[in-house]
Amino acid sequence: GQRARGAVVSAGGALAGDTEGALIGGGFATARSLRGVGISGGATVIRGPSRGALVAGGVNFTADHRGSLVAGGVNVARDLNGVSIAPINVQRHVRGLQVGVVNVADDVDGAAIGVLSISKSGKFQPLAWAATDGSTHVALKSTVGWVFTQLGAGIDLSDDTFSYDGGVGVHLKLGDSFFVEPGVHYSGHHETADASGSLSEHQLHYLVQGGARVGDKVDFLLGAGLRNTISGGSGASVAPEGRAGIAFF
């Protein structure tokens, strides 16, 4: 029918026009517009605007959504005012929060949290940095809204170890050229002589990093904080740590 109020439930596919209430399909659920909840085991597709919550085991697709999108695979929307949670989030305009492994948007008024976040209103940067323990590192850093994430690797030739690194924190602008980034980082360490073995050491790094933008392509970075060895090495310990680096683009 053209309109549905209440609940539309199907073990296979649930199809409806303009819907107020619940739209639930074991395989897929689709409606022309939705105000309420849409749930499916496969794909939830709203051909027009939607408001409320869309949940799918595979894919959520909607034109404009206000509320929450949760999917096991991909969330796709033109405009989002709310929260999108999935391994892959693809939206045009976001006012709220993206949480996933890969986040893509034209512009974000809010934040995107993920391994890789790409937005025209944010920055995606390669960076290199060195720490006071003698290690050197390279990483990829995503900054969208007030959140940054980074993922990389490092090597310490004096200690014959290499590491995998990841971090997340808050990006706070201090004018046009300066910013500060408090965050938490993790590193797992291998001995270079036995890369196939298990990680020999796990560390958490609590850092505050300051940055200065030079021109329109380079950020100079300087940070300080504490390095906490939570397992491996000589046992649990806390030590001061400093970092200096550079990011491009």
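Which residue is the bridge partner of Ser40 in β5? I looked this up before anything else, working from a predicted model. The bridge partner is Ala56.

**Strand pairing around β3**

I then followed β3 (28–40) along its pairings. With β5 (50–56), I find a parallel pairing over 7 bridges. With β2 (13–25), the pairing is also in the parallel sense, and I count 12 bridges there. Ser40 came up again here, since I found Gly25 opposite Ser40 of β3. I also checked strand β4, residues 43–46, which runs parallel to β3 and is joined to it by 4 bridges. For Thr30, I noted Val45 as the bridge partner in β4.

**Largest pocket**

I turned next to the open spaces. The largest pocket has a volume of about 320 Å³. I listed 15 lining residues, and the closest to the centre of this pocket are Lys123, Thr143, His171, Lys173 and Asp176. Which strands each supply at least two residues of this lining? I noted β12 (136–144) and β16 (178–191). By class, I have 7 polar, 5 charged and 3 nonpolar residues in the lining of the largest pocket.

**Second largest pocket**

For the second largest pocket I recorded a volume of about 240 Å³. This pocket is also lined by 15 residues, and Leu34, Arg35, Pro49, Ser50 and Arg51 are the closest to its centre. The strands already looked up return here: β2, β3 and β5 each give two or more residues to the lining, as do β6 (59–71) and β7 (74–85). I sorted the lining of the second largest pocket by class and got 8 charged, 5 polar and 2 nonpolar residues.

**Cavity**

How many cavities of 30 Å³ or more does the structure hold? I find 1. The largest cavity has about 80 Å³ of space. I wrote down its lining in full: Leu127, Trp129, Phe148, Gln150, Glu181, His185, Leu207, Gln209, Leu221, Gly223 and Arg243. Two or more of the lining residues come from each of β11 (123–131), β13 (147–156), β16, β17 (201–214) and β18 (218–232). By class, the cavity lining divides into 5 nonpolar, 4 polar and 2 charged residues.

One cross-check before closing the page: β16 gives at least two residues to the lining of the largest pocket, and β16 also gives two or more to the lining of the largest cavity.

Technical notes: Residues numbered from 1 in each chain as written. Predicted model: local features only at pLDDT ≥ 70, side-chain atom pairs only at ≥ 80, totals over all residues. Heavy atoms only, no water. 1 Å grid on protein atoms, 1.4 Å probe; cavity = no way out; pocket = protein on both sides within 12 Å on 5 of 7 lines; lining within 4 Å. Points joined across faces, edges and corners; volume = space filled by probe spheres on them. Nonpolar A, V, L, I, M, F, W, Y, C, P; charged D, E, K, R; others polar. Pairing = 2+ DSSP bridges.
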